[in-house]
Amino acid sequence: MYKLIHKDKNSAARLGRLTTAHGQIDTPVFMPVGTHGTVKGITPKELDDCGAQIMLSNAYHLFLRPGLDIIKKAGGLHKFISWDKPILTDSGGYQIFSLALLRKLTDKGVEFQSHIDGKKHFLTPDDVLDIQLTLGSDIIMPLDECAHYPCSRDHAEVAMKRTIAWAKQARKSFEHKKTGKQALFGIIQGATYDDLRQECAKEIIDMDFDGLAIGGVSVGEPSDLIYNTIESVAKILPEEKARYVMGVGYPPDILEAVERGVDMFDCVAPTRLGRNGTAFTSKGKLIIRNACFQEDFGPLDASCTCYTCKNFTRAYLRHLFYAEEMLGLILLSAHNIYFFLDMMRNVRKAITEDKFVPFKKDFLEIYNKG
RNA sequence: GGGGUCGUGGUGUAGCCUGGUCUAACACGUCGCCCUGUCACGGCGAAGAUCGCGAGUUCAAAUCUCGUCGACCCCG
């Protein structure tokens with residue numbers, strides 16, 4: 001499903017193309033997160049207009065609400081949410097981690113209480129695969145255990161081994177159930193322990209998944225640890241498979257990862273920070289509520305061509321946030337999504353021209369200077 | 001003219017009866033920070049009041065007493 005098109009001459013950055021049943025995806029790609037089947041604050045049309053090639057959704061959340069029956073009756077997730085481009089679904093592995101108080105893990109699967117109604121559920125790696133097959137997800141992520149940070153070596157090892165066991169199970173079942181239209185990725189865990197990462201990577205690579213993901217990063221550790229993990233794992237990944245770093249990241253993180261050969265990214269930052277009043281701009285983060293923008297009648301980002309930047313001033317956006325008007329959240333979220341996607345367009349262009357390294361340097365210089 | 005209620009950060013209030021634990025609380029507002037496979041229009045923090053003013057009682061007063069100023073209400 002992945003085709004390597006071009007390798008940057010001065011770094012490990014790569015240009016590629018993913019082919020799915022719902023269309024092609026140029027990589028490196030940023031995938032907006034739409035946990036509940038919607039990228040918060042953005043309509044599918046707007047998402048499409050600003051160049052989104054694929055969106056994320058979450059099997060755990062959709063399984064609990066509205067439930068598989070409803071999505072099946074609606075004709076699948078794509079129809080239900082009115083998005084006909086590719087969808088990648090996360091399994092809920094991250095939810096097991098973030099809603100930790102509610103769960104019990106065994107090698108067979110995970111028992112947890114619904115955060116919505118308290119009802120108990122038990123899901124095996126097979127169940128989680130089936131849920132995503134039913135949703136009609138283009139890229140399926142298997143159940144994994146995402147360790148927190150800091151994490152003891154013992155715990156990291158247990159989580160890593162469990163992730164491998166679950167991956168084996170999912171991979172085996174997928175062999176019998178696959179339709180040819182849906183892809184299954186493998187997830188590499190191991191926290192910040194390089195030997196565990198290497199061991200896990202080898203095992204996961206051997207299972208011949210359609211793509212390979214590095215999970216369990218950006219869970220609270222310092223940036224350089226994220227980069228180190230990505231670098232050491234990416235080095236041993238096969239060239240002919242797409243590489244996805246789950247949950248990363250802020251613009252600098254994405255650029256660092258691209259430079260190390262990563263193709264796919266997702267992060268809640270553009271929408272969550274947008275909703276909470278922070279805009280990503282070419283000059284770094286901008287907190288729209290700050291008093292200095294009260295009479296600033298310029299755009300969020302003078303070099304941005306998104307709808308928000310072409311039509312609205314910082315003073316107005318600030319006003320919307322203080323007045324608690326929902327348009328503020330929408331406009332900032334939309335700008336942030338556009339900013340990320342536009343950055344990725346520039347990343348791809350730079351790789352095409354073998355100019356990724358200077359591109360990254362220039363971008364970060366302006367971004368960090370503020 | 002008589003009687004009463006009330007005056008506490010920018011705003012609205014709590015505390016007063018039963019003085020000390022009030023270096024004065026809460027909400028909103030103001031200001032700033034945080035958010036990385038979203039339980040998230042969320043989270044954290046800071047600044048800001050000599051408790052209308054004056055006197056008295058007391059070891060100690062936002063709190064009790066008297067006076068005074070102001071706001072409002074009732075009766076004439």
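Of the 370 residues in chain A, 49% count as buried. That is where I will start. What you see is a predicted model, and the average pLDDT of chain A is 96, with 99% of the residues at 70 or above. The ipTM is 0.93 and the pTM is 0.95.

Overall dimensions next. The C-alpha trace of chain A spans about 60 × 50 × 40 Å along its principal axes. A compact globule of 370 residues would have a radius of gyration near 21 Å, and chain A has 20 Å, so the two agree. The secondary structure comes to 15 helices and 16 strands.

Now the sheet. Eight strands form an open sheet in the order 4-14-13-12-11-10-6-5, and the pairing is parallel. Strand 4, residues 29–32, and strand 5 are at the edges; each has a single partner strand, so one side of each has no neighbour in the sheet. The partner of strand 4 is strand 14, and the two pair in the parallel sense over four bridges. Within that pair, Met-31 stands opposite Asp-266.

Please also find Pro-32. Its C-alpha atom is 8.9 Å from that of Leu-341, although the two residues are 309 apart along the chain. Leu-341 belongs to helix 14. Is Leu-341 buried or exposed? Leu-341 has 21 other C-beta atoms within 10 Å, and the cut-off for buried is 20 or more, so Leu-341 is buried.

For antiparallel pairing, look at strand 8, residues 110–113, and strand 9, residues 120–123, which pair over four bridges. Val-110 in this pair faces Leu-123. Six residues lie between the strands of this hairpin, and Gly-118 has a positive phi near 80 degrees.

Helix 6 follows, at residues 125–135, and its buried residues are Pro-125, Val-128, Leu-129, Ile-131, Gln-132 and Leu-135. Why do they line one face of the helix? Viewed down the axis of helix 6, the buried residues fall within an arc of 155 degrees, so they share a face. The general rule is that an α-helix has 3.6 residues a turn, so residues three or four places apart point the same way. Just after helix 6, Gly-136 has a positive phi of about 90 degrees.

Some backbone details. Most residues other than glycine have a negative phi, and most peptide bonds are trans. Here are the exceptions I picked out. Tyr-149 and Pro-150 are joined by a cis peptide bond with omega about -5 degrees, and Pro-150 is in the loop between strand 10 and helix 7. Val-248 and Gly-249 are also joined by a cis bond, with omega about 0 degrees; Gly-249 is in the loop between strand 13 and helix 10.

Two serines have positive phi. Ser-82, in the loop between helix 4 and strand 6, has a phi near 60 degrees, and is exposed, with 12 other C-beta atoms within 10 Å. Ser-218, in the loop between strand 12 and helix 9, has a phi near 55 degrees, and counts as buried, with 21 C-beta neighbours inside 10 Å.

Last, the RNA. Which residues come nearest to RNA strand B? Of the 47 residues around it, they are Cys-146, Ser-218, Gly-247, Gly-249 and Val-268. The surface near RNA strand B has 21 nonpolar, 18 polar and eight charged residues. Elements that each supply at least two of its residues include strand 5, helix 5, strand 14, helix 11 and helix 14.

Conventions
Residues numbered from 1 in each chain as written. Chains lettered and ligands numbered in written order. Predicted model: local features only at pLDDT ≥ 70, side-chain atom pairs only at ≥ 80, totals over all residues. Near = placed C-beta within 6 Å. Nonpolar A, V, L, I, M, F, W, Y, C, P; charged D, E, K, R; others polar. Arc of directions from axis to C-beta. pLDDT = per-residue confidence, 0-100. Pairing = 2+ DSSP bridges. Rg over C-alpha atoms; globule rule 2.2 N^0.38 Å.
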